[in-house]
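Subject: Structure handover

Hello,

Here is the structure I promised to pass on. My notes on what turned up in it follow below.

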Amino acid sequence: VGLSQGNAQGGYDDAGLIQTFIAQTGVTFPMAEDFGQSFSSWARPPAISPFPLDIVIDREGKIVLIAYEYEADVLRAAVEAEL
Amino acid sequence: LFPRWTSPSRASSPLPYLLALITGCGSSSTDDGAPHGSTSATSSTSTDATTTSTTSGGAGGAGTGAYEDNFVQLDRWSKANGSPVNWSALTAELLDVKRLDSYVYVCTSTRGLVVVNPDPLRIAGQIDPLPYASRCQHLAKSGDLVAISNRSDAKSPTPFVSLLDLTDLAAPVTVSTYVSPSDSPEDVAFLTPDLLAVAMHGGGLALMALDGSGQLAVQKTLGGFTNAWDLALDQGRLYVADDTGGVAIVDVSTPSAPVLLSHVALGGSVKHVTIGDGMLFASAGSSGIHVLSLADPDHPALLSTFDTPGSAVMSEYDNGHLYVADWNEVRIVDVGDGTAPKLLGTETVPSKTFTRVLALAALDDRAFVGEWSALYSYQLFPDKVAPDIALVTPTLLFPQTPAGGESALSLVVANEGPQPLRIESIQGTDELVPLVDSLVVPSGGKDYIEVRFRPATSGAVEADLVLTTDDPDETVVKVYASGNQPGLQVGDQLPSWSWLDLQSGQTITTSGLLGDVVVLSYFATF
């Protein structure tokens with residue numbers, strides 16, 4: 001699920017911009033605007049970038065990875081470990 | 001900022017992390033039984049981290065400080081070095097860098113188009129604001145004309161292509177601007193001095209020219225593309241980075257009548273193409289770089305693919321070397337004949353915040369690197385050899401750990417240089433305790449430093465682990481560490497949330513996701 005924070009929540013995007021982004025990138029997975037319900041809930045060290053932020057959730061709804069930087073191999077391994 | 005999805009086409013590698021929450025402090029051995037680090041190896045606690053580790057004992061043989069780095073920073077340009085122009089070093093976000101004629105042209109996110117003298121780096125001119133915003137996504141130049149583009153995003157919602165006359169850098173003139181809310185112009189390339197090709201994402205390829213009234217207008221469009229991102233022109237052929245469609249080849253020998261010839265299927269999402277010495281280099285994000293031969297320009301043939309640790313955003317070829325903007329570092333590759341590219345060097349570019357390399361240019365072994373907040377120039381010395389430290393785990397983020405308890409992470413360190421890397425000291429704090437105090441990593445190898453987090457209280461902690469090394473340009477490496485930050489942690493249950501899926505119109509609930517493995521990826525459209 002791709003999640004972007006809305007303007008009113010301190011982010012940048014609204015639904016129209018996200019729709020444009022979907023068209024520009026061609027992504028097919030679910031994409032949504034986060035209205036503050038989740039983005040600020042994650043443990044977040046202050047000295048790192050707000051993006052990327054990737055979370056892997058297992059089948060029981062438990063958080064198994066929080067990735068704060070681009071680490072494709074780590075993300076892939078975490079997903080594959082759950083499949 | 002695009003969500004950076006992994007590509008199934010790239011081979012996976014083992015999880016390089018060690019993460020063990022310890023309250024009683026257990027112990028175990030490494031998978032190969034080899035010692036890691038020079039001290040305290042017997043007390044280390046390990047899970048699967050050693051799957052990527054190498055034995056460090058006995059490596060080396062060269063004296064400390066005996067090497068010279070092969071990619072040397074010459075200059076840095078930002079607000080600090082005397083520019084009178086309106087520039088915020090923290091928000092500029094350099095998006096496109098081109099070395100053309102006697103200048104370096106820089107597209108920025110919030111400060112328009114900047115023209116820079118290369119040596120030393122000093123501003124020669126700036127066009128800000130641009131006709132519809134200060135955001136310049138891509139640029140192309142023909143004579144004194146510069147075309148710039150901007151796709152729609154949060155920071156600049158109006159998509160446009162603008163033609164500027166830079167005959168007088170002190171007094172630039174906007175010739176004409178094309179605006180169409182329904183379009184998403186990305187890269188631009190002059191097919192002739194009067195005819196501009198524009199990659200339009202799902203809209204394919206547009207040809208633009210000034211019409212009879214002097215307005216920039218679409219003259220022709222060409223379909224058949226998956227998602228046109230980037231353009232490279234070579235000998236009557238226009239090569240189009242076409243996302244998951246690979247690379248498209250367009251015959252533009254008659255520029256006003258382009259013909260889509262074919263596609264070359266490649267792995268990943270191709271968003272940039274560049275050409276040099278009869279080869280095409282396609283940057284495909286997490287799938288790395290594809291190298292293709294243009295011996296038959298209508299049927300490019302794949303020579304090789306090499307991966308990068310980050311996301312290969314774009315690249316530029318010069319003098320036998322490919323410079324790769326790899327999201328958070330620069331990588332320099334000796335291309336050779338294209339069949340077996342060899343890593344020549346890497347460089348983590350300094351940053352005021354978190355380093356990002358989204359664009360660069362290269363000419364005559366000189367590279368101009370667009371970091372998030374500044375423009376740097378570097379000189380490549382291909383024959384110099386040195387160790388080259390790379391942090392596989394760039395930060396140490398410890399989980400919630402009670403006061404008086406302990407948790408452990410491993411800092412995975414790679415040596416991407418041709419000489420052994422000596423980490424001569426490893427210094428922590430009372431609460432951040434490395435279990436080794438030195439390390440030698442052989443050329444091309446990896447090893448790890450186990451670090452314990454022993455908080456005195458339950459409050460949030462930030463500290464640096466400081467490494468001193470014989471990497472000539474990274475003699476001191478500070479690794480950011482943090483622990484006990486408030487908020488959701490690994491091991492917690494996902495709360496009850498819901499969102500509206502803008503793709504399907506359906507509501508997504510976290511309870512509805514149970515039973516599936518899910519990735520939540522936060523992004524912003526800029």
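Two strands count as paired if DSSP finds at least two bridges between them. The model is a predicted one, so please read everything below as computed from predicted coordinates.

Chain B overall

Chain B has 41 strands and zero helices. Of its 526 residues, 57% are buried. Its accessible surface is about 19300 Å², and carbon and sulfur atoms account for 51% of that. If one takes the contacts in chain B between residues at least 6 apart in sequence, 54% of them join residues at least 24 apart.

The sheet E7 to E10

One open sheet in chain B consists of four strands in the order E7-E8-E9-E10, and the pairing is antiparallel. Strand E7 (138-142) and strand E10 (173-179) of chain B are its edges, each pairing on one side only. From one strand to the next the twist averages 15°.

E7(B) and E8(B) are antiparallel and joined by five bridges. B:Ala140 is placed opposite B:Ala147 in E8(B). The two strands form a hairpin with two residues between them, and B:Gly143 in that turn has a positive phi of about 60°.

On the next pairing, strand E8 (residues 145-150) and strand E9 (residues 160-165) of chain B run antiparallel over six bridges. Two of the opposed positions are worth listing:
- B:Ile148 faces B:Ser162 in E9(B) as its opposite residue.
- B:Ser149 has B:Val161 in E9(B) as its bridge partner.

How far is E8(B) enclosed by the rest of the structure? Five of its six residues are buried, so E8(B) is largely enclosed. As background, side chains in a regular strand alternate between the two faces of the sheet.

The sheet E15 to E18

Another open sheet of four strands in chain B has the order E15-E16-E17-E18, again with antiparallel pairing. Its edge strands are strand E15 (230-234) and strand E18 (259-264) of chain B, and each of these pairs on one side only. Here the twist averages 25° from one strand to the next. Within this sheet, strand E16 (residues 237-241) and strand E17 (residues 247-251) of chain B pair in the antiparallel sense over five bridges. B:Arg237 is opposite B:Asp251 in E17(B).

The disulfide

How many disulfides are there over all chains? The count comes to one. The bond joins B:Cys107 to B:Cys136, with an S to S distance of 1.8 Å. B:Cys107 is in strand E4 (residues 103-108) of chain B, while B:Cys136 is in the loop between strand E6 (121-127) and E7 of chain B, so the pair ties together parts that are 29 residues apart in sequence. Both B:Cys107 and B:Cys136 are buried.

Aromatic pairs

Over all chains, the search of the whole structure gives 12 aromatic pairs. One of them is formed by B:Phe71 and B:Tyr378: the ring centres are 4.7 Å apart and the planes are at 5°, so this pair is stacked. The cut-off behind that label is planes under 30 degrees apart. The pair links distant parts of the chain, since B:Phe71 is in strand E2 (residues 71-77) of chain B and B:Tyr378 is in strand E29 (residues 375-380) of chain B, 307 residues apart. B:Phe71 and B:Tyr378 are each buried. Ring pairs also link B:Phe71, B:Tyr323, B:Tyr376 and B:Tyr378 into a cluster.

Chain A

I have two items on chain A. The first concerns helix H2 (residues 72-82) of chain A, whose buried residues are A:Ala72, A:Val74, A:Leu75, A:Arg76, A:Ala77 and A:Ala78. Strand E3 (53-57) and strand E4 (63-67) of chain A are among the elements that cover the buried residues of H2(A).

The second is A:Val27, in the loop between helix H1 (15-25) and strand E2 (31-34) of chain A. Is A:Val27 buried or exposed? Its relative accessible area is 14%, and buried means under 20%, so A:Val27 is buried. The C-alpha atoms of A:Val27 and A:Gly2 are separated by 9.3 Å, with these positions 25 residues apart along the chain counted as their separation.

Regards

Methods
Residues are numbered from 1 along each chain as its sequence is written. Chains are lettered from A and ligands numbered from 1 in the order in which they are written. This is a predicted model: local features need pLDDT of at least 70, side-chain atom pairs count only at pLDDT 80 or more; totals for chains, interfaces and linings use all residues. Side-chain values use heavy atoms; hydrogens and water are left out. Buried means under 20% relative accessible area, exposed over 50%, partly exposed in between (1.4 Å probe, protein chains only). Contact means heavy atoms within 4.5 Å. Accessible areas come from the Shrake-Rupley method with a 1.4 Å probe; for residues, only the protein chains shown count as cover. Axes are lines fitted to C-alpha atoms, for helices over the stretch in contact, and angles run from 0 to 180 degrees between N-to-C directions. A disulfide is a pair of cysteine sulfur atoms within 2.5 Å. Rings of Phe, Tyr and Trp (its six-membered ring) pair if their centres lie within 6.5 Å; planes under 30 degrees apart count as stacked, over 60 as edge-to-face and the rest as tilted.
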